[in-house]
Amino acid sequence: MTVVGCTNVAVTTNAVAISRPANCCKTDVMSHDDHSHDHHSHGHEHDQGLKGMLRYLRFAPQMWKSDVNTAVVGRIGPQSGETVMDIGAGIGAGTMVAAASGCTVMAIEPTNYMRTILGLRSRMARGSGRVQIVDGTAEATTVASGSVDAAWAVNTMHHWMSIDDGIAELARVLAPGGRVLLVDEEFDNPSHPDFESFGSKRDDEHSHHFHTVDPDQVSAACSSAGQRVVFAGHDDIAGRPSIVIEAERA
Ligand SMILES: C[S@@+](CC[C@H](N)C(=O)[O-])C[C@H]1O[C@@H](n2cnc3c(N)ncnc32)[C@H](O)[C@@H]1O
């Protein structure tokens, strides 16, 4: 069992960890039910602990760098001086691309080992902007209200515990006019390039733990939270069929 504290994941010139209470995530194998202390985080328990880490290990190359993340960040268009937010940042495939544009990236990530790797990664990438690694979830980012110019999520929506709460939280943190791009690849679609290697085998364990994202539900949640929906449905991102929601804070 790995024991990893949540505090000061990475404190360097270009990577600043947000301190959590000292008793936060005592271990990274704790389940939701084990938690009696007051905190907001930890995402889906399927991602946590050694089992979660081993499950992700085979996807490490795609999670380090991916065409989908590069395309999403390109479409959201972070500008130097902006504050942007990567929801469920993982080990930084989108965060590091955005940071290279000179903006501040709030990398929201509930899983301890992901934050640790991202902390090391951002520390190595000197001069690539400012990355703040935050122990948070889509539903509770801990980021200041109205402080975010643009936000995106790649392959995390199906992990969210509540789409409505995640969208409401987005509406809270976005500045007026703030841009949103939420993308979940459709690995179960036979036209997805990874369908054979991943999607067709995904129905066993994965689908027992995660729900399929309904773009109409996300769109409705965006509208009731005061966001103008630009697009909600199925689209091709970097040659991959995906569920896409693009919106703008009114
Ligand atoms: C498949 S990975 C994608 C990581 C990264 N966005 C990428 O594209 O490489 C899913 C990520 O969602 C995170 N996650 C789990 N529950 C979450 C939640 N409720 N809110 C935000 N992120 C969550 C996991 O810890 C994990 O890092």
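## Core, helix H8 and its packing against H6

Leaving out residues up to four places away in sequence, alanine 151 touches Val84, Met85, Ile87, Leu170, Leu174, Gly178 and Val180. The model is predicted. Ala151 is also prominent in the largest nonpolar core, which has 57 residues. Together with Val72 and Trp152, Ala151 touches the most other members of that core. Strand S5 (residues 148-154) supplies the largest share of the core, with 6 residues.

**The chain as a whole**

The protein chain has 250 residues, and 47% of them count as buried. Its secondary structure comes to 8 helices and 8 strands. Among contacts with a separation of 6 or more, 67% join residues 24 or more positions apart.

**Two buried residues**

Asparagine 69 sits in helix H3 (residues 67-76). Alanine 171 has its place in helix H6. The table sets out one C-alpha to C-alpha pair for each.

| Residue | Partner | Separation in sequence | C-alpha to C-alpha distance |
|---|---|---|---|
| Asparagine 69 | Glycine 92 | 23 residues | 9.2 Å |
| Alanine 171 | Serine 145 | 26 residues | 8.7 Å |

Why does asparagine 69 count as buried? It has 28 other C-beta atoms within 10 Å, and the cut-off for a buried residue is 20 or more. Beyond its neighbours within four places in sequence, asparagine 69 is in contact with Ala93, Gly94, Val97 and Val154.

Alanine 171 is buried because 20 other C-beta atoms lie within 10 Å. Not counting residues up to four places away in sequence, alanine 171 touches Ala225, Gly226, Gln227 and Arg249. Of these, glycine 226 follows helix H8. The phi of glycine 226 is positive, near 90 degrees.

**Helix H8**

Helix H8 spans residues 215-224. Its buried residues are Pro215, Val218, Ala221 and Cys222. Seen down the axis of H8, they fall within an arc of 125 degrees, so they line one face of the helix. An α-helix has 3.6 residues a turn, so residues three or four places apart point the same way. The face of H8 turned away from the buried side carries two exposed residues, Asp216 and Ser224.

What do the buried residues of H8 pack against? One partner is a helix, H6 (163-173). The others are strands: S6 (174-185), S7 (227-237) and S8 (240-249).

**H6 against H8**

Two packed helices are described by the angle between their axes and the distance between the axes. For H6 and H8, the axes come within 9 Å and cross at roughly 40 degrees. The two helices are therefore oblique to each other. H6 passes H8 in a right-handed crossing. On the H6 side, the contact is made by Ile163, Asp164 and Ile167. H8 contributes Gln217, Val218, Ala221 and Cys222.

Val218, Ala221 and Cys222 are also among the buried residues of H8. On the other helix, Ile163 and Ile167 are buried too.

**The wider setting of H6**

The buried residues of H6 are Ile163, Gly166, Ile167, Glu169, Leu170, Ala171 and Val173. They pack against H8 and against strands S2 (83-87), S5, S6, S7 and S8. Leu170 of this set is one of the residues that alanine 151 touches. Alanine 171, from the same buried set, reaches Gly226 just past H8.

Key: Residues numbered from 1 in each chain as written. Predicted model: local features only at pLDDT ≥ 70, side-chain atom pairs only at ≥ 80, totals over all residues. Helix = DSSP H or I, 4+ residues; strand = E, 2+ residues; numbered from the N terminus. Buried ≥ 20, exposed ≤ 12 C-beta atoms within 10 Å, placed from the backbone. Contact = placed C-beta atoms within 7 Å. Core = buried A, V, L, I, M, F, W, Y, C linked by C-beta atoms within 7 Å. Arc of directions from axis to C-beta. Axes fitted to C-alpha atoms, helices over the stretch in contact; angles between N-to-C directions. Parallel < 35°, antiparallel > 145°, perpendicular 65-115°, else oblique. Left-handed = near helix turned anticlockwise from the far one by under 90°.
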